[in-house]
Amino acid sequence: MGFLMSEESGVDYGPLAGLIGTWAGEEGLDVAPEPEGTEVSPYRDSICFEAVGDVTNADSQTLAAVRYQQVVRRSANDEIFHDECGYWLWDAREGVVMHSLLIPRGVGLLAGGRYAGKTDADGRVVLEVAAGVDNPEWGIIQSPFMEKNARTLGFEHRIAVGSGRLSYSETTWVDIYGKVFRHTDRNELRLVE
Ligand code: HEM
């Protein structure tokens with residue numbers, strides 16, 4: 001059985017360490033499905049990542065955990081049009097990063113990927129995770145309604161973080177309105193606190 005420890009020094013957050021803090025960005029772009037085609041929405045969002053501590057599973061696996069909350073507003077009218085929460089987890093022994101997320105549509109997932117020291121041209125840490133409905137390791141769970149009418153088939157997420165900047169791009173494949181729609185989101189955020 002695992003247990004949570006309060007935040008303390010000495011926890012190895014590995015490639016997740018740079019996420020911790022509050023971030024905001026104004027240059028977001030969402031491409032989302034509509035019955036008649038595609039809706040493109042510029043947006044602003046903020047993401048708050050908090051160090052949780054570490055967790056032990058089955059007396060043998062240790063995961064460092066970072067909790068986050070993301071709030072996304074349409075630039076045109078400031079309306080919140082996406083809300084998301086979850087955890088990023090780091091398994092130092094296996095070099096595995098996990099990203100769990102829940103959105104208030106009745107959809108959740110656990111995406112995973114390996115981290116082996118990858119950085120971008122600016123020297124920022126690059127985190128890449130993916131999940132899929134048919135993936136036996138990193139899965140997606142959704143309500144009966146969503147299974148039937150707007151089924152999420154796959155998810156990919158890439159974050160580059162460092163030097164006070166965080167860029168992400170994510171793709172969600174949704175089977176909706178008779179086709180598979182490539183729903184995408186991206187933004188670049190700055191560390192605000
Ligand atoms: C910044 C992130 C995101 C934004 C701004 C966003 C925004 C939107 C918008 C505007 C729609 C069109 C329907 C509506 O107007 O409500 C939509 C649909 C949808 N989104 Fe997202 N989304 C984001 C991330 C995600 C993620 C991470 C997932 C799941 C892994 C997801 C799953 C879906 C699904 C299943 C639909 C289809 C439901 C429908 O259109 O009726 N979205 N999203």
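**Strands, pocket and cavity in a predicted model**

User: Which residue in the turn of the hairpin of β2 and β3 has a positive phi?
Analyst: The model is a predicted one. In it, β2 and β3 form a hairpin, with three residues between the two strands. One residue in that turn has a positive phi of about 50°, and this residue is A58.

User: How many bridges join strand β2 to strand β3?
Analyst: Strand β2 covers residues 37-57 and strand β3 covers residues 61-74. They run antiparallel, and one matched pair is Y43 with R74 in β3. The number of bridges joining β2 to β3 is 14.

User: Which residue in β4 does A65 stand opposite?
Analyst: Strand β4 spans residues 80-91 and runs antiparallel to β3. Ten bridges join these two strands. Across this pairing, the residue of β4 opposite A65 is L89.

User: Which residue in the hairpin of β3 and β4 takes a positive phi?
Analyst: This hairpin has five residues between its strands. A positive phi near 70° is found there, and the residue that takes it is D78.

User: In which sense do strand β7 and β9 pair, parallel or antiparallel?
Analyst: Strand β7 is made of residues 125-132, and β9 of residues 150-162. One bridge in this pairing puts L127 with I159 of β9. Over eight bridges, the sense of the pairing is antiparallel.

User: What is the bridge partner of G154 in β10?
Analyst: β9 and β10 run antiparallel and are joined by twelve bridges. Their hairpin has two residues between the strands, and S163 there has a positive phi near 50°. Within β10, the partner of G154 is W173.

User: How much space lies in the largest pocket?
Analyst: The largest pocket is lined by 29 residues. Among them, A32, H82, I103, R105 and H183 lie nearest its centre. The space in this pocket is about 640 Å³.

User: Which strand supplies the largest share of the lining of the largest pocket?
Analyst: By class, the lining has 16 nonpolar, five polar and eight charged residues. The largest share from one element is five residues. The strand that supplies them covers residues 165-176 and is β10.

User: Where does the ligand sit?
Analyst: The ligand is surrounded by 22 residues, and the closest are A32, H82, R105, H183 and D185. Four of these, A32, H82, R105 and H183, are also listed among the residues nearest the centre of the largest pocket. The space taken by the ligand is the largest pocket.

User: How far does a polar side-chain atom of H183 lie from a nitrogen atom of the ligand?
Analyst: A polar contact needs N or O atoms within 3.5 Å. H82 has a polar side-chain atom 3.4 Å from a ligand nitrogen, and R105 has one 3.0 Å from a ligand oxygen. For H183, the distance to a ligand nitrogen is 2.9 Å.

User: Which strand gives the most to the shell around the ligand?
Analyst: The strands β1, β2, β4, β9, β10 and β11 each supply at least two residues of this shell. By class, the shell has twelve nonpolar, four polar and six charged residues. The strand that gives the most, with four residues, is β10.

User: How much space lies in the largest cavity?
Analyst: The count of cavities of 30 Å³ or more comes to one. Residues lining the largest cavity include I47, F49, Y68, W88 and H157. The space in this cavity is about 80 Å³.

User: How many residues of the lining of the largest cavity are nonpolar?
Analyst: Two residues of this lining are charged and three are polar. L166 and Y168 are among the lining residues, and both types count as nonpolar. The nonpolar count for this lining is seven.

User: Which strand gives the most to the lining of the largest cavity?
Analyst: β2, β3, β4, β9 and β10 each supply at least two residues of the lining. One of them gives three residues, which is the most, and that strand is β10.

Key
Residues are numbered from 1 along each chain as its sequence is written. Side-chain values use heavy atoms; hydrogens and water are left out. On a 1 Å grid over the protein atoms alone, a cavity is a set of points where a 1.4 Å probe fits but cannot get out, and a pocket is an open set with protein on both sides within 12 Å along at least five of seven lines; lining residues have an atom within 4 Å of a point. Grid points are joined across faces, edges and corners, and a volume is the space filled by probe spheres set on the points. Two strands pair if DSSP finds at least two bridges between them. A residue is near a molecule or strand if one of its heavy atoms lies within 4 Å of it. A polar contact is a pair of N or O atoms within 3.5 Å; within protein, one must be able to donate a hydrogen and the other to accept it, and residues adjacent in sequence count only if both atoms are side-chain atoms. A molecule sits in a cavity or pocket if more than half of its atoms lie within 2 Å of its grid points.
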